[in-house]
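Here are some exercises to work through with the model open beside you. Try each task before reading its solution.

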Amino acid sequence: MNRAKKRLRKKHISTFQFTILGFAGVILGGCFLLMLPVSSKSGSFTSFWDALFTSTSAVCVTGLVVQNTATYWSGFGQLVILLLIMAGGMGVITIRAGLLILAGRKPDLAQRSAMQDNYAALKLIGIVNLMSFILKVSLGVVFLGAVCFAFEFIPRFGFFKGLWFSAFHSVSAFCNAGFDLMGSEIPYSSLMGFSGNVIVNITVMLLIIIGGIGFVTWYDIKEYGFNFKKYGIQTKVILCTSAALIFFPAVFFFAYEYGGMGQEAFLCGLFQSVTARTAGFNTTDLTLFSEGSIMIMIVLMLIGGSPGSTAGGMKTTTISVLVKSAFSVFKRKDSTSFFGRRISDDIVKNASATFFMYITLFLTGAIIISCVEGLPLMSCLFETASAIGTVGLSLGLTPELGFVSRLILIFLMFLGRVGGLTLVYAAVSTKKRNLAEYPKGKITVG
């Protein structure tokens, strides 16, 4: 018994540390494969830094690229990118647990706890059933998405190429990655050739939303149908916040940026609202947008998706808690509440810390890039927001950036996917309880 305890102590690694190491390991493995001559269409070695940037962007489901995915990478290289997107979107913990179950082994308590953190589940009971549900839903949704894409892509690109494009874009959209293979004719064109295509637009938007609202949300919907009152408080907050973040920006884009385009304006406005927060596809040239629209997209990118989803960013729950907390202060209430349930002070503190970390890194990274590259600050803010929000939208700067700027984006993408607090908790793995407290002091704020 003592020997077993000693072995456990030696092997002990926190969930946060495993997440960091797991993502880092997958990124480095993908980087090595992308460096090989077989991964590029030219048959030459890819530089370490280009391969590292691409691998990080794929695993962190961002979509920022320094090489045109359609023309630079071979079929093998594109397959590697697709597998990296799947690994990053589903999460290394999910893949590890899935392999254990396929091997006939049940996850132990530590692994179940890691799965709970990964899915943002509120309870440990039933976590294996939740994971099984996630895998089934993910495969089913990706398959249906590929079928929908096939109706458009096969007639346009041929049978085999159309099937490959359908599968690639279905996985990329569901995982909120933003990678595309449409840059053969116009480099980095994303989905601009399909701006008025109803099937492609609706399919991409649905895949992005399904992947971005979180698996626990879908589990609640599966359990209770459309009975909103029975949903957990987290699901209610996610659904309400996501709906608001889709509707209001869509109305703005429709009225201000696409006012004269008729039916296509509706699709473009709605698409831009959905993709700006999580995915990184675009159906129109973003460099033509006004600074007001660019600023709205920056805010959407920073917010990102929901906890336990394939998306990154600060998360919808974080911004909801901060906004509700602010209104509680305005109304001189003692606590923050949602739907008749009080939110603990620890949750408000975590939300504040997350917000502070993201804003600080987003601004610092943009300022450094602007100074180093001599570029307009607004454009640099857009790139860093896209990186830390793991979105992938770009104003065309990323391929032209120098070494230092690319390193900054790599770090921001990694932090945006694993989570800022995860990175901090991995470095400080133990929580020390402080029994002594300082006397209270008063500081005037506001």
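Buried means under 20% relative accessible area, exposed over 50%, and partly exposed in between, with a 1.4 Å probe and protein chains only. Helices are DSSP runs of H or I with at least four residues, numbered from the N terminus. This is a predicted model, where local features need pLDDT of at least 70, side-chain atom pairs count only at pLDDT 80 or more, and totals for chains, interfaces and linings use all residues. Residues are numbered from 1 along each chain as its sequence is written, and side-chain values use heavy atoms, leaving out hydrogens and water.

**Exercise 1. Check the span of helix α9 (residues 159–174) and find its buried residues.**

Step 1: The expected span is 1.5 Å times one less than the number of residues. The helix has 16 residues and should therefore span 22 Å, and its end C-alpha atoms are indeed 22 Å apart.

Step 2: Among the buried residues of α9 are G162, F165, H169 and F174.

Step 3: Just look past the helix: α9 is followed by N176, with a positive phi near 60 degrees.

**Exercise 2. Describe the largest nonpolar core.**

Step 1: Such a core joins buried Ala, Val, Leu, Ile, Met, Phe, Trp, Tyr and Cys residues through side-chain atoms within 4.5 Å.

Step 2: Of its 96 residues, I85, V204, M297, I298 and F382 touch the most other members. Helix α18 (residues 403–418) gives the largest share, eight residues.

Step 3: Now follow F382. Leaving aside neighbours within four places in sequence, its contacts (heavy atoms within 4.5 Å) include L286, M301 and L395.

Note on methods:
Helix = DSSP H or I, 4+ residues; strand = E, 2+ residues; numbered from the N terminus.
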